[in-house]
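Trainee: I have a new chain to go through at the bench. Can we work through it by question and answer?

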Amino acid sequence: QEAREAALLQLRREMQRLRLIQAETKAAEQARTEAANRSKHNYAVEYWSEEACKLLVQLGLAGNRYLKFWSQSILLEGYISAGPSNASVRVVYTQRPRNLEDDELWSLLYRNMSRQASLTTLVERASEIASKQGLEIPDDFICPITLNIMCDPVLASDGHHYEYSAIAQWLRTHSRSPLTNGAMQADDLRTNAALRSQIEQWVKNVIEL
């Protein structure tokens with residue numbers, strides 16, 4: 001009897017060990033699958049944030065906006081838009097690092113959006129100062145549609161830079177460049193981080209005069 005009970009106990013322990021191995025294997029496989037999915041094109045994530053929705057509207061990004069930026073040597077690329085509710089933001093990544101979770105990526109995105117909103121306010125202030133003091137504004141900083149300093153410069157397929165919200169609005173009702181009359185699509189717009197950095201530095205210098 002004792003031998004039988006010992007054998008049953010040993011069998012139960014072996015079955016528990018096998019179940020534990022199976023669970024660990026399944027968890028590892030699931031983690032590999034999720035990592036692989038995150039590296040694929042068109043990986044969609046919805047983030048719930050009322051503040052982010054307000055930023056989207058403020059920045060004119062409520063539509064399906066192409067985004068691409070570097071942050072701490074991390075490249076994020078894809079499309080951002082308002083989610084199906086008034087309290088969410090939908091991001092479709094076309095390129096993203098495998099080693100970062102969705103929440104970490106959202107933190108980078110939100111900081112980038114907040115920075116853009118702050119720049120909009122500072123640009124308006126610098127423009128007023130430049131106008132009052134007769135300071136020259138570099139031609140490259142001016143959007144050919146709004147004739148104002150750009151806060152979110154994008155390079156279009158016609159080789160010219162525009163304020164994103166202005167050219168996006170133009171392309172909702174036109175399919176050609178406002179300058180060259182060449183064919184143009186919203187998907188061809190590309191953020192110019194270098195030009196934006198130059199504008200930011202100029203704005204800072206003007207405000208500190």
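Mentor: Start with a definition. Buried means under 20% relative accessible area, exposed means over 50%, and partly exposed lies in between. Keep in mind that this is a predicted model.

Trainee: Then how does Y110 count, at 27% relative accessibility?

Mentor: Buried needs a value under 20%, and exposed needs one over 50%. Y110 has 27% relative accessibility, so the class is partly exposed.

Trainee: And W106, with a relative accessible area of 13%: buried or exposed?

Mentor: The cut-off for buried is under 20%. W106 has 13%, so this residue is buried.

Trainee: How many aromatic pairs are there?

Mentor: Rings pair if their centres lie within 6.5 Å. By this rule the count is three.

Trainee: Is the pair of W106 and Y110 stacked, edge-to-face or tilted?

Mentor: The ring centres are 6.0 Å apart, and the planes meet at 50°. Stacked needs under 30 degrees and edge-to-face needs over 60. The angle of W106 and Y110 fits neither, so the pair is tilted.

Trainee: Which helix holds W106 and Y110?

Mentor: The two residues are four apart in sequence, about one turn of the helix. Both lie in residues 102-133, which is helix α3.

Trainee: Which residue forms one aromatic cluster with W106 and Y110?

Mentor: The cluster has three names. Two of them are W106 and Y110 from helix α3. The other name in the cluster is Y47.

Trainee: What about F141 and W202: stacked, edge-to-face or tilted?

Mentor: Their centres are 6.1 Å apart, and the planes are at 75°. Over 60 degrees counts as edge-to-face. The pair F141 and W202 is edge-to-face.

Trainee: How many residues apart are F141 and W202?

Mentor: F141 is in the loop between α3 and β5, and W202 is in helix α5. The pair links distant parts of the chain. The separation is 61 residues.

Trainee: F141 and W202: are they buried or exposed?

Mentor: The cut-off to use is under 20%. F141 has a relative accessible area of 6%, so it is buried. W202 has 14% relative accessibility, so that residue also counts as buried.

Trainee: Where do the buried residues of α5 fall, seen down its axis?

Mentor: The buried residues of α5 are L195, R196, I199, E200, W202, V203, V206 and I207. They fall within an arc of 165°, so they line one face of the helix.

Trainee: What covers those buried residues of α5?

Mentor: W202 of α5 pairs with F141, from the loop between α3 and β5. The cover of the buried residues includes α3, β5 and β6.

Trainee: What span is expected for α5 at 1.5 Å a residue?

Mentor: α5 has 15 residues. The expected span is 1.5 Å times one less than the number of residues. From first C-alpha to last, α5 reaches 21 Å, close to the expected 21 Å.

Trainee: At the start of α5, which residue's backbone nitrogen does N192 reach?

Mentor: The contact is made by a side-chain oxygen of N192. The oxygen comes to within 3.2 Å of the backbone nitrogen of A194.

Trainee: After α5 comes L209: buried or exposed?

Mentor: L209 lies in the segment after α5. L209 touches Q133 and L135, not counting residues up to four places away in sequence. Its relative accessibility is 68%, over the 50% cut-off, so L209 counts as exposed.

Trainee: How far apart in space are L209 and I129, C-alpha to C-alpha?

Mentor: In sequence they are 80 residues apart. In space the distance is 9.3 Å.

Trainee: Which residues of α2 are exposed?

Mentor: Begin with the buried ones: A52, C53, L55 and L56. These fall within an arc of 160°, so they line one face of α2. On the other side, the exposed residues are E50, K54 and V57.

Trainee: What is the phi of L147?

Mentor: Most residues other than glycine have a negative phi. L147 lies in the loop between α3 and β5. L147 is not a glycine, yet its phi is positive, about 65°.

Key:
Residues are numbered from 1 along each chain as its sequence is written. This is a predicted model: local features need pLDDT of at least 70, side-chain atom pairs count only at pLDDT 80 or more; totals for chains, interfaces and linings use all residues. Side-chain values use heavy atoms; hydrogens and water are left out. Buried means under 20% relative accessible area, exposed over 50%, partly exposed in between (1.4 Å probe, protein chains only). Contact means heavy atoms within 4.5 Å. The arc is that of the directions from the helix axis to the C-beta atoms. A polar contact is a pair of N or O atoms within 3.5 Å; within protein, one must be able to donate a hydrogen and the other to accept it, and residues adjacent in sequence count only if both atoms are side-chain atoms.
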